[in-house]
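Trainee: I would like a close look at a single part of this model, namely its internal cavities. Please describe what lines them, and then set them in the context of the chains.

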Amino acid sequence: MRRRAFLLAGLGTGGALFLGWTLLPPRQRLRGQHTPDIPVGSGTVALNGWLTIAPDDTVTIVAPKAEMGQGIHTALAMLVAEELDCDWQQVRVCHSPIDRIYGNVAALVDGLPIHPDQADAPLARGVRWLTAKVAREVGVMMTGGSSSVRDCWMVARQAGATAREALLSAAAEQTGVPIAECRTERGVVVCGTQRLCYGSLAAAALRQRPSRVVLKLPSQFTRIGMPTRRLDAREKVEGAPLYGIDVSLPGMLYAAVTLPPVLGSRPLHFDQQAAMARPGVRAVVSLEGTRYGDPPGVAIIAESWWQARQALSALAIEWSPSPHAALSSDGIMTTLREQALHGDGFAFRRSGDAETIVNTPGARVVESLYEAPYLAHAAMEPINATARITRDQADIWVGTQVPGFTRDAVAHVTAIDPSRITVHQHQLGGAFGRRLEADYAAQVAMIARAIPGVPVQVIWTREDDMRADFYRPAAATRFRAALSPTGNVRALVVQSASQAPFKALSQRVGFLPTMRGPDRTTAEGTWDQPYEFPAVHATHAEVTLPVPVGSWRSVGHSHQAFFLESFIDELAQQAGQDPLTYRLALLARHPRAAMVLRRATDAAGWNTPIARTNDGTLRARGLALHWSFGSYVAQVAEVSIDSAQQSRVHRIVSAIDCGLVVNPSGVTQQVESAIIYGLSAALHGAITIENGRVQQGNFHEYRPLRINECPVIETHLITSTEPPSGAGEVALPPVAPAVGNAIAVLIGRRLRQLPLRLSASGERA
Amino acid sequence: MSQAAPILLLVNGQEHAVAMSEDTPLLWALRESLQLMGTRFGCGMALCGACTVHVDGVPARACVTPIGTLAGRTITTIEGLQGGVVDVVRAAWVDADVPQCGYCQSGQVMATMALLQQHPTPTDADIDAALVGNICRCGTYPRIRAAIHAAAQQLAAAAISAPVPDSASTPTSVPASPPPSSTP
């Protein structure tokens, strides 16, 4: 009894605290505890955590999001500049320090397994509100989940508007002109006849405390919505040293690593003396591997990277036997198929009694099983990091999507207090989700601490990068649809199976280390789509396998969209309907989805005859629609099959509705980017495992699309007043099914496995 | 280190003594010894083109070119491109908003410079042939194509004759290459 009373009292106190916390206003995101880097004595002033102003009027936007190609620095600068009313020619961008104010709120809210149609229901609103409030408290910096513009849409504009008010107020104070009679004009405050540059006002503005800040109405925007060229294009065509791999420090040494050839093995013996005798070698470091996912192995530190790399062979490592030595892709796919059919799945959606309808004796049921392989990220810049570790201080120079977890990983390895660890953020030579991991931070810390005080740069080979990745999970999904006599769907049952990428990542980096609930990223793309079926039951069975998995551009959507949109075409065929007409009929209450479909198909000439290719071969069109990260994308692919039985994609027409578009040029670029990344995977991409070994190592075995295979791409942006939604990943999911649906028209049969290979060798029966 | 005499490399018009073994790929000599970071490591097997430089005006993959083979050769990197043609090419790249992550773009520009020397007004097939070895994972291919066409048109319109040496100013210790025939 006493124990129970104690527990109840505790609960009561906790509940009261919780209630009190919910009544507090959400934690602010404008001013952090860590100021952006400002050169001492430069006179530059940080008016808040999002911008600095220099005496020469240069405005530097402090970006908490990693620039990895997606153009976010330009978009964030546009948000701040819109409200700040500064001169665009004077705008620069730098990466922010680590601070709670930069924590990603939008991505956490998005990770909730709430159906988009129910997002505004009272309970869902409450859960979303609570998650957002918690996210502000936790403050996890993360660039990913197509969340950056959504995450900063309000706060970056508030930062600009607040700074502008402070500048106005400072100018009014200096000139004696009432503030109501002062206005701003491209980096200048105009007070009557006097014109005061922002740079001259910044120091005084710092003392102002603007009380009431009003954001512009969208109709007042002059920069948001204008096609704006990237701020970083010039330095990128000049070969400027922007990336982590370009870091060069006095006395810096280089390290190369040997990682296990078989998943799960570790070095038993190696010849340290022989390696040390090689030219330039300064240290040999045994790598234990940590919970961050960096595998065990051996590193060699040398005066040049080539020396380190050449010396690896002298190690003559004997590897331990691995419990996974018999692991193969064939076996994995068998497991996934079994789990999809018979596994204990979590129900992401249950509306109506779909199972019963599908299982009713005599029901007309269409059934298909789809499969996808593992995929590597293969960003152009191979994994690398530079660190300098002393007894009680550490610096790490990296390109990362998660600077806070990167710091944690260094702290984990070195036991140095995080407050004495500095993460120097660089641009990323691509990431696509790979750099949401902190494995390479843990590894570089382990290597660099072998020579204290000396900076060491670890560079992985392409083979290391491809064989020690956190892959897009392999997956299998079975669909069963019960049809009416006219071919309409009465009920849809979806059962998928794969490993859980977000759960795996969370455990590695220590974010939700004991996540027990469903992992939305496994099944997203099946149960959250806008199609209006009378009854749906969508489940996912999580499978545990020794292959490391992680977030790969568009994550679950990347394969589930292929599965579902291919199956929708199968259903249209069953109903004897055109794929466009069929889809539109299922979207009566989803006008945004219907709109992108109409726009893409109109632009592609869906209902017009299609010309043959120059050599007389047939072309066909395929269509796909997908919702992800809050945005709708429809695509039409034009495909032919050449004499070598290779499919050739000629043209892809997209329509995208991602809410209000901040930078039309940036969104268009991202649509093109996602299409080409997705086409690489759809046509060629597969990481396979044989006897526990990843079989692909370099670009001849894992083929990215090249310029000669690149289709003509046309992108149409839907004008919208909805708040901005995702853009970086959303055009990827529809690519594979659009191409697959065109191939099905051409060959009269359905390819249900990725990649889309026409030859028998690439297909299972 | 069992270093022999330093190897002399002529890079962007200047001679550099590099204290690395002769099997060292040029890529690492450029990045570590000369601090020229624009030439990038992507694959190490001449598969991706991120490390494209010009050796005697011809595109070469620095990741598989041992420095021991480069005595007396003229090497040009992205940092050493000069003249009217590259100015137009870079401007076309910026205008067409080509780069995304930008990591491969040095190689793309190096390949394009060599292409425009051979084909001042390249067809799509010429572009494919010249740039098929340069991988871009961000998917900038359509804009690269557009930028090359735009640059070629501008060069033709401005009558900046194409065979401008894209190498740096006249090298000091090799026979002079043809003088620049263009004005920016």
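Mentor: The residues lining the second largest cavity of this predicted model divide into 6 nonpolar, 2 polar and 1 charged. They can be named in full: R349(A), L492(A), T526(A), W527(A), Q529(A), Y531(A), F533(A), V536(A) and L564(A) form the lining. Arg counts as charged, so R349(A) is the charged member of this lining. Thr and Gln fall outside the nonpolar and charged lists and therefore count as polar, which assigns the two polar places to T526(A) and Q529(A). The space enclosed by this second largest cavity is about 70 Å³.

The largest cavity may be described in the same terms. Its volume is about 90 Å³, and 14 residues line it. Those that lie nearest its centre are S558(A), G678(A), A681(A), A682(A) and A736(A). Two elements of chain A, α21 (664-683) and α22 (735-747), each give two or more residues to this lining. Of the contributing elements, α21(A) gives the most, with 3 residues. By class, the lining of the largest cavity comprises 10 nonpolar, 3 polar and 1 charged residues. Gly is counted as polar under this scheme, so G678(A) belongs with the polar residues of the lining. In total, the model holds 7 cavities of 30 Å³ or more.

The context of the chains comes next, beginning with the contact between chain A and chain B. Here 63 residues of chain A are in contact with 53 residues of chain B. The size of an interface is often given as the accessible area lost when the parts come together. For this pair the buried area is about 4800 Å², with 59% of it on carbon and sulfur atoms. On the chain A side, V237(A), M380(A) and I707(A) lose the most area to chain B, and together they account for 18% of what that side buries.

Chain B itself contains 5 helices and 5 strands, and these follow one another along the sequence in the pattern β-β-α-β-β-β-α-α-α-α. Of its 184 residues, 59% are buried. Among the contacts in chain B with a separation of 6 or more, 59% join residues 24 or more positions apart. The accessible surface of chain B comes to about 6600 Å², and carbon and sulfur atoms hold 57% of that area.

Notes: Residues numbered from 1 in each chain as written. Chains lettered and ligands numbered in written order. Predicted model: local features only at pLDDT ≥ 70, side-chain atom pairs only at ≥ 80, totals over all residues. Heavy atoms only, no water. 1 Å grid on protein atoms, 1.4 Å probe; cavity = no way out; pocket = protein on both sides within 12 Å on 5 of 7 lines; lining within 4 Å. Points joined across faces, edges and corners; volume = space filled by probe spheres on them. Helix = DSSP H or I, 4+ residues; strand = E, 2+ residues; numbered from the N terminus. Buried < 20%, exposed > 50% of the residue type's maximum accessible area, 1.4 Å probe, protein only. Contact = heavy atoms within 4.5 Å. Areas by Shrake-Rupley, 256 points an atom, 1.4 Å probe, with all protein chains shown as cover. Buried area = accessible area lost by both parts, 1.4 Å probe.
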